[in-house]
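The following exchange asks on what grounds each description of the model rests. Each answer sets a value against its definition.

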Amino acid sequence: GIEPAKTIGEASFLGAVAEIVGLNFFLSVVGLQLVPANMQTNAKTAELDTSIEEETVGDKLSNDRIASYVSDEDPDFVPGGVSAESAEEESEGEEAIVEVVEEVDAVKDVVEEVKEVVEDVVEEVKEVIEDYVEEVVEEMEDLVEKVADTIEDVVEKVADKIEDVVEEIADEVEDLVEGNIDVEEAGEADEELD
């Protein structure tokens with residue numbers, strides 16, 4: 001099964017960034033803390049967070065109650081003595097956040113520039129392809145026209161040749177027919193003479 005996240009860094013990417021930057025440290029200054037939504041509450045801190053309205057301030061600050069208090073388990077506990085070192089760390093953390101924000105803005109600018117360059121290149125490639133396609137279409141139309149003209153010329157020549165051959169054959173057949181008639185007539189005349 002899936003185990004629940006124990007820290008905000010395990011819960012999400014944004015939580016990991018907050019953990020790296022030390023956001024919980026800065027929130028602890030004002031008594032806040034980021035935790036994953038599925039994190040189970042500690043029984044001891046749940047007891048500390050609940051307050052009975054009937055208790056008096058004296059009861060809440062009694063020695064027994066104070067002796068049982070464990071500050072490490074209290075999510076609202078903020079150390080009282082803030083040293084110069086922790087103030088420096090806080091300042092460094094704030095500077096780190098500012099640097100991260102500036103870097104994110106710079107990355108956004110670069111991404112926008114890259115997007116514009118890509119759009120320009122795509123437009124140029126589109127124009128080149130359109131021009132090339134137009135040239136190819138024109139060349140194909142010219143070739144088709146030339147092929148059509150050539151086929152037409154060949155058909156005309158073949159038709160003329162066939163016509164000439166048919167005329168020659170017709171003349172030869174006519175000559176043969178006339179020659180057969182002359183031969184038959186001559187044969188009949190010879191028979192009559194005999």
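Q: Which elements of the chain have the lowest and the highest mean pLDDT?
A: Helix H4 (residues 43–49) has the lowest mean pLDDT, 50, and H7 the highest, 84. The pLDDT is the predictor's confidence in each residue, on a scale from 0 to 100. For the chain, the mean is 78, and 74% of the residues reach 70 or more. This is a predicted model, in which local features need pLDDT of at least 70 and side-chain atom pairs count only at pLDDT 80 or more, while totals for chains, interfaces and linings use all residues. Residues are numbered from 1 along each chain as its sequence is written, and side-chain values use heavy atoms, with hydrogens and water left out.

Q: How do you know how many helices and strands there are in the chain?
A: Helices (H or I, at least four residues) and strands (E, at least two) are DSSP runs, numbered from the N terminus. By this rule the chain has seven helices and zero strands, and its elements run α-α-α-α-α-α-α from the N terminus on.

Q: Why is Val137 called partly exposed?
A: Residues are buried under 20% relative accessible area, exposed over 50%, and partly exposed in between (1.4 Å probe, protein chains only). Val137 has 39% relative accessibility and therefore counts as partly exposed. Its place is in helix H7 (residues 84–193).

Q: What makes Val117, Val121, Val125, Ile129, Val133 and Val137 a nonpolar surface patch?
A: A patch is made of residues with over 30% relative accessible area and no salt bridge; like charges are joined within 9 Å, and nonpolar side chains (Val, Leu, Ile, Met, Phe, Trp, Tyr) within 5 Å. A salt bridge would be a side-chain nitrogen of Lys or Arg within 4 Å of a carboxyl oxygen of Asp or Glu. The patch made by these six residues covers about 470 Å², with accessible areas taken from the Shrake-Rupley method with a 1.4 Å probe and, for residues, only the protein chains shown counted as cover.

Q: Why are Gly15, Ala18 and Val21 placed on the same side of H2?
A: These residues are buried in helix H2 (residues 13–21). They cover an arc of only 130 degrees around the axis, which puts them on the same side of H2; the arc is that of the directions from the helix axis to the C-beta atoms. On the other side of H2, Phe13 and Ile20 are exposed.

Q: Why does Leu34 count as partly exposed, and with which residues is Leu34 in contact?
A: Leu34 counts as partly exposed because its relative accessibility is 36%. Leu34 lies in the loop between H3 and H4. Leaving aside neighbours within four places in sequence, Leu34 is in contact (heavy atoms within 4.5 Å) with Ile8, Leu23, Asn24 and Leu27.

Q: Why is Phe25 called partly exposed?
A: Phe25 has 33% relative accessibility and so counts as partly exposed. Phe25 is found in helix H3 (residues 23–29).
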